[in-house]
Amino acid sequence: MSRIEYLCVGNLEGTIVASSFYGADKKTEKKYSNFCSRICSKGSKFKAGEVNILQQKKKAGSPDPDQFLVKLSKNGTKSALFICVSKNESMNKKAVLKDFEKEFWKTVEKDPAGAKTGSLNKASKPVFATIMSKHGRDRIAETNAKVAGLKNQMNQNIEQQLNNMEALVETEDKASELESDAKEFNKTSLSLKWAMCWKNAKWTIILVTTIVVILVVIIVVAVCFMNPDACKSDKKDENK
């Protein structure tokens, strides 16, 4: 999140000799460039070393207006206007422009006076990078974004834990139901087992009894066949 929208260096002829835009809207960049050119064309009216804040009028329903921070700086015979466009009220404006002019005069050797539009962009690239690295980041907004991200992650973790707890309770309920079903099944199996055993025993008794009766009949028939007199005598005794 950037606190700086636009940085530029202009000469007193109204020419923007170096600039850097930190947005995506080309129309906005063009608007900044035109407004800064008009500021530079009136640069001689500014007092060297002072920080001037120019702000567009805010319209109803429109976002916060842009602030144009302007400083006329002189370095020996050289002079230039340093402009920073920002919407951030909490930014240290004096520190930004102080570092801006300091880095420019230290890095760029060519005099901005008489230079063409954008002719010092390449030479000023490290200057813009330094200013953005030092002042461009909105650390408060970044911190708030990180806190919001952590809160969101914590909420997701809590929700996941609650879902896991619900799933665990459901699992325990299902396990309890399965245990109850298993006990009922064992009980039913045991009853069925005893019923089958009794049924098998009953048929075994019937089968054994039948075999014994058949054997007795066979033995009696065999004895009578082998010794008819004995069978007759038994009958006589029964008749008597």
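I take contact to mean heavy atoms within 4.5 Å, and I name helices (H or I, at least four residues) and strands (E, at least two) as DSSP runs numbered from the N terminus.

I note that this is a predicted model, in which local features need pLDDT of at least 70, side-chain atom pairs count only at pLDDT 80 or more, and totals for chains, interfaces and linings use all residues. Residues are numbered from 1 along each chain as its sequence is written, and side-chain values use heavy atoms, with hydrogens and water left out.

**Helix α1**

I looked up which residues of α1 are buried (under 20% relative accessible area with a 1.4 Å probe, protein chains only; exposed is over 50%, partly exposed in between), and found Tyr 32, Phe 35, Cys 36, Ile 39 and Cys 40. They lie on the same side of α1, because they cover an arc of only 140 degrees around the axis, the arc being that of the directions from the helix axis to the C-beta atoms. On the other side of α1, I found Lys 26, Lys 27 and Lys 30 exposed.

I then checked what the buried residues of α1 pack against, and noted β1 (4–10), β2 (16–21), β3 (51–55), β4 (67–75) and β5 (78–86).

**The sheet**

I traced an open sheet of 5 strands in the order β2-β1-β5-β4-β3, with antiparallel pairing, where two strands pair if DSSP finds at least two bridges between them. Since β2 and β3 stand at the edges with a single partner strand each, one side of each is left without a neighbour in the sheet.

Looking at one pair, I found that 5 bridges join β1 to β2, which run antiparallel, and that Tyr 6 stands opposite Phe 21 in β2.
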